[in-house]
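Let's take a walk through this structure together, pausing at a helix and then at a strand. Have the viewer ready to rotate as you read.

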Amino acid sequence: MAEKGVPPEVETLLTTGREMAHVATSHDDRPHVAPIWYYYEDETIEFVTGGRKLENIRRNPQVSLSIEKSEDGHGQWHVVLFGTAEVITDEDELWAGRTRLFQRYRDRDPTLEEDGEPPEALVRVDIASTVYG
């Protein structure tokens, strides 16, 4: 059963470890699911993206995210979050969001990376409800 917001025990799961999330977007009843790095704080998930995910979010801001921790094929826990996404295109906010992601997943500053242009936008998802187990 879905709980409103994000319970404290789920916040702990979302802020420890480096599990990837899968974000689900939809346009014209065509779902699209893709892996992402995420940053969680105060009932908000952030990620940076471009391409189809970003196009879908601009057309339909309702998204869901699935995060699971497993070891040797055995699920330890899973969380599904539902919310409304907002596209942030401000360059300073984009780089700040990208920095948070790189610090979380790579323990370093993204300005040290030479991987081309940054994604087009920062996406913030306000979490409305959570299912977990």
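A polar contact, as used here, is a pair of N or O atoms within 3.5 Å; within protein, one of them must be able to donate a hydrogen and the other to accept it. Keep in mind, too, that this is a predicted model.

With that in hand, start at Thr130, which sits in strand S8. A polar atom of its side chain lies 2.5 Å from the backbone oxygen of Gly5. Thr130 has a relative accessible area of 0%, so it is buried, the cut-off being under 20%. Who surrounds it? Beyond its neighbours within four places in sequence, Thr130 touches Met1, Ala2, Glu3, Gly5, Val6, Pro7 and Val10, along with Val79, Val80 and Leu81.

Now turn to helix H2, which covers residues 51–59. Which of its residues are buried? They are Lys53, Leu54, Asn56 and Ile57. Looking down the axis of H2, you will find these buried residues within an arc of 165 degrees, so they line one face of the helix. The general geometry helps here: an α-helix has 3.6 residues a turn, so residues three or four places apart point the same way.

What covers that buried set? Strands S2, S3, S5, S6, S7 and S8 are among the elements that do, so to speak, and S8 is also the strand that holds Thr130.

Finally, zoom in on Asn56, one of the residues of H2. Its relative accessibility is 5%, and therefore Asn56 counts as buried. Setting aside neighbours within four places in sequence, Asn56 makes contact with Thr25, Ser26, His27 and His32.

Note on methods:
Residues numbered from 1 in each chain as written. Predicted model: local features only at pLDDT ≥ 70, side-chain atom pairs only at ≥ 80, totals over all residues. Heavy atoms only, no water. Buried < 20%, exposed > 50% of the residue type's maximum accessible area, 1.4 Å probe, protein only. Helix = DSSP H or I, 4+ residues; strand = E, 2+ residues; numbered from the N terminus. Arc of directions from axis to C-beta. Contact = heavy atoms within 4.5 Å.
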